[in-house]
Amino acid sequence: MTDLAAVKAALKTQAVETPSWAYGNSGTRFKVFAQPGVPRDPWEKLQDAAKVHEFTRVAPTVALHIPWDKVDDYAALARHAEDHGLKLGAINSNTFQDDDYRLGSICHADPAVRRKALDHLLECVDIMDATGSGDLKLWFADGTNYPGQDDIRARQDRLAEGLAEVYGRLGDGQRMLLEYKFFEPAFYATDVPDWGTAYAHCLKLGPQAQVVVDTGHHAPGTNIEFIVATLLREGKLGGFDFNSRFYADDDLMVGAADPFQLFRIMYEVVRGGGFGPGVAFMLDQCHNIEAKIPAIIRSVMNVQEATAKALLVDREALAVAQREGDVLGANAVLMDAYNTDVRPLLAEVREEMGLDRDPIAAYARSGWAEKIVAERVGGEQAGWGA
């Protein structure tokens, strides 16, 4: 039997990092849709993130994206976060929105372009030092569109050389988290296309390099929980970028497309000892047509619900069924946990934490949405542009 008190205690320790870019304007490659009240700078993004944490109490950190969140004084930005009950989380680099990176960044054939990209990555480590952030998150759009366009092996050599230079700059307590994506924008060969490539590079770099699993970065039918289990087994799972996909990297709200998959992933996290500070639970989403702050709150709640179900799995009963070769019985143990309505349990947890049982309703009553629409008038809204 599952100890409900232990489940509730574990849920109270959960932390989900929200991304600064999710609070800004976003859209498709055709159109970015502006919304009233959207933050105009990183300082206002943190104000919105503080509201998510206020009503959930499990979103204490905010990931930054450079240069989208570039400021003159990062230590001051960190203090601003602390004033709002937050800390700054992972620093995300950007080597994909400059004309020089048309043929790649640190994998580019031109040493001058590679140097420019590496200088940016090293700048991100400097920002980590200033903000107290522990994670440098790297995703590269590098790749080729046509056979013969560039030397595939040479690009891997350049990638390894660049990563090694950045890795050598990391300080104590800092990590490099390497993300992968099987296609887009490179359509023939992506330089970091899968978890195996990311794992191989991280393994060679050392213990401060780990892999990030973005749940939207896989081909249809990929068993993501197998990847999670394997990386946990090898001590190389650094964190998640949570979102949902229907077709490709859709960046929809986590759990929207396949909540059962999210549950299966979270079960492997719990079973593999990844439910703790060593594995970062980060959102990586774009809220194009829905109101942003409620969508982020809902996303955090979706992660909580999947986690609660994973914690409710009767692992003793599951182990017995697995040992006895009881295929249906083992599957039933998982399904019983997944089919449990954990919303009342989480409502109790929130009540015990001094929160409203319904964070979405509490936010709606707070008046924050109306306040930011009225006050954030003029200036240029934050967004990634398209």
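A salt bridge is a side-chain nitrogen of Lys or Arg within 4 Å of a carboxyl oxygen of Asp or Glu. The structure examined here is a predicted model. A search of the whole structure finds 31 salt bridges. Several are described below, together with a helix pair, two buried strand residues and some unusual backbone geometry.

One salt bridge joins the side chains of Lys116 and Asp98, with N and O 2.9 Å apart. Lys116 belongs to helix H4, which covers residues 111-131, while Asp98 sits in the loop between strand E5 (87-92) and H4. The two partners are 18 residues apart in sequence, so the bridge ties together separate parts of the chain. Lys116 is partly exposed, at 33% relative accessibility. Asp98 is also partly exposed, at 31%.

Another salt bridge lies within a single helix. Lys371 pairs with Glu375, and their closest N and O atoms are 2.8 Å apart. Both residues are in helix H14 (residues 368-375). They are 4 residues apart, about one turn of the helix. Lys371 has a relative accessibility of 35% and counts as partly exposed. Salt bridges with shared partners also build a network, made up of Lys8, Lys12, Glu348 and Glu352.

Those four residues lead to a helix pair. Two packed helices are described by the angle between their axes and the distance between the axes. Helix H1 (residues 4-12) packs on helix H12 (residues 343-352) at an angle of about 65 degrees. Their axes are 10 Å apart. The crossing of H1 past H12 is right-handed. On the H1 side, the contact is made by Val7, Lys8, Leu11 and Lys12. On the H12 side, Leu345, Leu346, Glu348, Val349 and Glu352 take part. Sorted by class, this contact holds 5 nonpolar and 4 charged residues, with no polar ones. Lys8, Lys12, Glu348 and Glu352 of the contact are also the members of the salt-bridge network.

H12 has further packing partners. Its buried residues are Leu345, Leu346, Ala347, Val349 and Arg350. The buried residues of H12 pack against H1, helix H9 (292-311) and helix H13 (359-366). Gly354 follows H12 and has a positive phi, near 80 degrees.

Two strand residues show how distant parts of the sequence come together. Ile91 lies in strand E5. Its relative accessible area is 0%, so Ile91 is buried. Leu138 is 47 residues from Ile91 in sequence, yet their C-alpha atoms are 8.7 Å apart. Beyond its neighbours within four places in sequence, Ile91 is in contact with residues including Leu64, Ile66, Cys124, Ile127 and Met128. Thr131, Ser133, Asp135, Leu136 and Lys137 are also among its contacts.

Arg175 is found in strand E8 (residues 175-179). Arg175 has a relative accessible area of 16%, which is under the 20% cut-off, so this charged residue counts as buried. Its side chain reaches the backbone oxygen of Gly238 at 3.3 Å. Neighbours within four places in sequence aside, the contacts of Arg175 include Met128, Gly134, Asp135, Leu136 and Leu170. Gln208, Gln210, Gly238, Gly278 and Ala280 are also in contact with Arg175. Met128, Asp135 and Leu136 appear in the contacts of both Ile91 and Arg175.

The backbone also has some exceptions to the general pattern. Most residues other than glycine have a negative phi, and most peptide bonds are trans. Glu184 departs from both habits. Its phi is positive, about 75 degrees, although Glu184 is not a glycine. The peptide bond between Glu184 and Pro185 is cis, with omega about 10 degrees. Glu184 lies in the loop between E8 and E9, and Pro185 is in that loop too. The side chain of Glu184 forms a salt bridge with Lys181, the closest N and O atoms being 3.1 Å apart. Glu184 is partly exposed at 32% relative accessibility, whereas Lys181 is buried at 8%.

A second cis peptide bond joins Ile66 and Pro67, with omega about 15 degrees. Pro67 lies in the loop between strand E4 (61-65) and helix H3 (74-83). Ile66 is one of the contacts of Ile91. Arg57 has a positive phi of about 60 degrees and is not a glycine. Arg57 is placed in the loop between helix H2 (42-56) and E4. At 37% relative accessible area, Arg57 is partly exposed.

Methods: Residues numbered from 1 in each chain as written. Predicted model: local features only at pLDDT ≥ 70, side-chain atom pairs only at ≥ 80, totals over all residues. Heavy atoms only, no water. Axes fitted to C-alpha atoms, helices over the stretch in contact; angles between N-to-C directions. Left-handed = near helix turned anticlockwise from the far one by under 90°. Contact = heavy atoms within 4.5 Å. Buried < 20%, exposed > 50% of the residue type's maximum accessible area, 1.4 Å probe, protein only. Polar contact = N/O pair within 3.5 Å; in protein donor to acceptor, adjacent residues only side chain to side chain.
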